[in-house]
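User: I would like a careful look at one part of this model, with enough of its surroundings to place that part.

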Amino acid sequence: MPIYEQTYRRHEARGPLRRVRFWPITREALRLILARRWFLALLAAAGLPFVVQVIRIYVVTRFPQANQFLPVDGRLFGELLAWQALFTMFITIFGGAGLVANDLRTGAILVYLSRPLTRRDYVIGKLGVLLALNLAVTLLPGLMLYLVALSLAPDLFWKWSLAWIAPAVVAQSLAISIVMSLVALAVSSLSRSARVAGLGFFGLLIGLEVARGILYALYRRPETALLSLQADLRSLGVALFGLTERAVTLPWAYAAAMLVTVSIACLLILRSRVRAVEIVQ
Amino acid sequence: MRDTSRPVPFGRAARGVFDLALEGMVWSRRSVLMAVLVGLPVVIAIIYRVFLPAQLKPRLTPFELYGGLVVFVYLRNLLPLVALFYATALVADEVEGKTLTYLLTRPIRREAILAGKFAAYVATTLSLALPAVVLTFFILLTSRGRAGLGGAVPDLLRDLGVLALALLVYGALFTLLGVLLKRPVIPGLFFLFVWELVANLPGYLPRLTLTAYLRSLVRHRPAEEGISEIFGQVLPSALCLEVLAAAVVVFLAAAAWIFSTREYVMEQ
């Protein structure tokens with residue numbers, strides 16, 4: 001073949017071995033995280049609010065007059081998820097702070113991306129770890145509590161008028177898990193140290209919440225909730241479960257729009273930080 | 001010539017480590033991150049003073065807002081986080097970067113290494129936090145003229161002392177956690193944001209927290225809401241100072257003892 005016909009050739013390697021390429025990343029990271037005893041203790045501690053709410057339902061079924069001061073209705077599930085949202089912060093730091101940061105520090109990201117994996121596979125694989133962990137402490141106890149409520153107090157919960165509870169639990173759990181996971185991954189990709197990333201994630205959430213609290217105390221304006229991711233998630237909870245929270249009266253559509261914006265921003269950060277090249281300065 | 005059979009004197013060794021650690025702490029991206037966090041109340045003060053009064057009528061006076069920022073923002077949230085960030089890293093950073101070996105093989109006592117690093121932590125955090133508090137104070141309290149400013153300055157000085165004490169005591173505690181545990185961040189966060197809530201309970205339980213003593217030392221306490229409004233206790237100042245000083249000594253002594261006896265194996 002003449003030399004002038006020797007141009008760049010197309011990639012002729014075999015196709016990927018499997019369609020779901022992100023799964024090994026998720027599986028191996030989950031295996032490493034779940035091998036830590038402290039993490040299992042944290043997961044167990046995250047089950048406490050569920051136990052408390054089950055006891056609450058049981059007490060009301062045994063002593064119906066307790067329903068007056070311990071109301072058992074749809075709000076119960078919103079309160080459970082509000083508690084679980086606190087645990088997702090700790091679980092996200094424990095499980096997610098180092099997910100990208102450690103790969104950046106050790107250079108493992110180059111190894112990942114030199115395989116037949118795209119950046120999207122890598123991000124979905126890492127996101128899958130956090131989603132699995134966060135859904136395990138939000139969706140799972142939420143739906144289990146609904147099943148327990150249906151079996152313990154069918155006269156209170158087995159009604160068409162309360163059929164919205166399960167979809168509401170799914171929606172709120174997904175919102176909490178997706179937002180927390182994306183923010184944690186984005187922060188993790190901005191640092192090479194898991195410790196810095198973890199504290200950065202916590203500092204971001206706490207800093208924004210503190211700023212919201214101060215501005216709300218100053219001006220009593222519902223728009224201050226837009227500043228804080230936690231307040232936005234609580235706004236969704238208020239709308240979905242009919243909770244009453246004085247400090248969070250923002251219409252849910254604004255809160256949802258803010259959460260979507262933050263999620264897109266996190267994806268853009270991940271897009272710019274997760275790269276198969278390392279620029280040495 | 002120095003007698004090489006003996007370690008470098010404690011003071012000189014600690015000073016050397018202090019210089020080295022300070023350089024790494026002050027001029028780092030992490031300190032920029034912390035400066036942003038600590039500067040948050042300054043931004044709120046600027047918003048209060050410059051942007052919003054024209055459109056919205058604030059419900060708090062400048063001095064009430066300043067009190068709220070000191071107690072709820074600096075003392076309760078930001079400075080403990082700053083302490084957790086820096087103090088857990090004093091040894092962990094060296095372990096993570098596998099550079100601890102170079103420090104430990106020098107002819108200096110391990111206690112001197114910890115003392116130098118802790119002194120660098122104190123210098124860094126004080127130089128980040130205290131100017132921000134002073135700036136917040138003056139931005140807020142001069143927003144309606146300078147009347148009453150002189151009377152509030154003693155409160156500012158007292159606040160600066162309490163905040164410095166908070167950085168010392170939380171720093172000592174998290175230094176201990178940093179040398180004791182491999183992953184001190186989660187236990188530290190649990191201590192700050194779960195255990196410290198005990199300060200709002202009745203009876204003697206608040207005495208098992210650090211925040212109850214620190215909060216009691218601040219003279220201008222803003223009105224609280226919820227459970228802390230009912231049970232919030234003010235402990236005697238002398239008791240607070242004694243307990244906090246004892247806590248600093250105990251935590252640092254324990255950290256120094258653990259650091260000097262522990263064998264560190266670097267992960268390959």
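In chain B, where is confidence lowest, and where is it highest? After that, please take a close look at A:Arg275 and say whether this residue is buried or exposed, and why.

Analyst: This is a predicted model, and confidence is a sensible place to begin. In chain B, the lowest confidence falls in helix H11 of chain B (residues 227-231), with a mean of 57, whereas the highest belongs to helix H12 of chain B (residues 237-261), at 93. Over the whole of chain B the mean pLDDT is 85, and 91% of the residues reach 70 or more. For the complex, the predictor gives an ipTM of 0.78 together with a pTM of 0.83.

Turning to chain A, its secondary structure consists of 13 helices and 0 strands, and its C-alpha atoms fill a box of roughly 90 × 45 × 35 Å along the principal axes. Chain A has 281 residues, of which 44% count as buried. When contacts in chain A between residues at least 6 apart in sequence are considered, 77% of them join residues at least 24 apart.

Against that background, A:Arg275 sits in the segment after helix H13 (252-273) of chain A. A:Arg275 counts as exposed because it has 12 C-beta neighbours inside 10 Å, and a residue is called exposed when that number is 12 or fewer. A:Arg275 also shows how sequence and space can part ways: A:Arg119 is 156 residues away from A:Arg275 in sequence, yet their C-alpha atoms are 7.2 Å apart in space.

How values were computed. Residues are numbered from 1 along each chain as its sequence is written. Chains are lettered from A and ligands numbered from 1 in the order in which they are written. This is a predicted model: local features need pLDDT of at least 70, side-chain atom pairs count only at pLDDT 80 or more; totals for chains, interfaces and linings use all residues. Helices (H or I, at least four residues) and strands (E, at least two) are DSSP runs, numbered from the N terminus. A residue is buried if 20 or more other C-beta atoms lie within 10 Å of its own, exposed if 12 or fewer, and partly exposed in between; C-beta atoms are placed from the backbone. Two residues are in contact if their C-beta atoms, placed from the backbone, lie within 7 Å. pLDDT is the predictor's confidence in each residue, from 0 to 100.
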